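Open the model in your viewer and get ready to make selections. The tour takes one DNA strand at a time.

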Number of protein chains: 2
Amino acid sequence: MTVAEKEYTISDLAKEFEITSRSIRHYEDEKLISPERRGTHRIYSSRDRVRLQLILRGKRLGFSLAQIRQIIDLYDLPEGKQKQTTLLLGLIQERRDALLQQRKDINFMLKELEMLESKLD
Amino acid sequence: MTVAEKEYTISDLAKEFEITSRSIRHYEDEKLISPERRGTHRIYSSRDRVRLQLILRGKRLGFSLAQIRQIIDLYDLPEGKQKQTTLLLGLIQERRDALLQQRKDINFMLKELEMLESKLD
DNA sequence: CATCAAGTTTACGTTTGCGTAAAGGTAAGG
DNA sequence: CCTTACCTTTACGCAAACGTAAACTTGATG
């Protein structure tokens, strides 16, 4: 039997992640998330909540909502045979390259901060 | 004797870093860089070039120009006794926290990408 | 059933980060 | 001196990512 799925209102998630409801609705406008509707009200599932986490993670990394949607869409691949594997692999590789570059940038800046800090004696 | 410092025009740097001159001037408007002037023309030194690299690194990490300026300003501390050490240490710590969070986010996403990739068989 | 917090849509406003003319100044070569 | 390439400032334009206000609707509660 299916365990009762957790559900969230828009302000539940807004509070939890310290963003505004407006932002969450905006992400919906931009097709990044699409919660169930119960009447007019939005009901968010655990999966929706995870998607929101992915969105925010992408944001912290400086990706645009459009880029984040691309990444998120990768998660929605219908199981089994994929549509255009090579295209997707390319997309994944692109993302990975960007992330690896970012990690380098971060490590560089962390070192710089250390040096700066040591100057403050 | 002082070794002749390398100098660059705005388009030298624009080409090297694959950005537009417009962007570089914009960074100047935003007080992120302030090259020497020879007449009306801008002359960039090696130090200016390094600053530009810092700017672009910050951009790749998703920082706003205002945030980047804060970081860059840390480099311009007059040697020796600093103005408000504790304040600066706080600022540095803030930056570090953000960078560490980003690194976590990156590592998370890299793992996710691997998983996604493995689904494409 | 009245109330009241929380939800909804619609739409204009704002900030950031440049793009893109427009209109002209400057430096080197022929 | 004239062309040509590159530089300058000024200023309006624009997309992204929401903020914010207006004007309802809904659902839980006393």
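Which atom of DNA strand D does a polar side-chain atom of Arg22(A) approach? Select Arg22(A): a base oxygen of strand D lies 2.9 Å from its polar side-chain atom. This is a predicted model, where local features need pLDDT of at least 70, side-chain atom pairs count only at pLDDT 80 or more, and totals for chains, interfaces and linings use all residues. Residues are numbered from 1 along each chain as its sequence is written, chains are lettered from A and ligands numbered from 1 in the order written, and side-chain values use heavy atoms, without hydrogens and water.

**Strand D**

Next, pick Lys59(A). An N or O atom in its side chain is 2.7 Å from a phosphate oxygen of DNA strand D. Move to Arg25(B), where the corresponding distance to a phosphate oxygen is 2.9 Å.

Now show every residue near strand D (a heavy atom within 4 Å). There are 18, and Thr20(A), Lys59(A), Leu65(A), Ser11(B) and Arg42(B) are the closest. Of the strand D atoms within 4 Å of the protein, 74% are sugar and phosphate. Color helix 2 of chain A (helices are DSSP runs of H or I, at least four residues). This helix gives the most to the surface, four residues.

**Strand C**

Switch to DNA strand C and select Lys59(B). Its side chain places an N or O atom 2.5 Å from a phosphate oxygen. For Arg25(A) the distance is 3.0 Å, and for Tyr27(B) 3.2 Å. Finish on helix 2 (21-29) of chain B. It supplies four residues, the most of any element near strand C.

Note on methods
Polar contact = N/O pair within 3.5 Å; in protein donor to acceptor, adjacent residues only side chain to side chain. Helix = DSSP H or I, 4+ residues; strand = E, 2+ residues; numbered from the N terminus.
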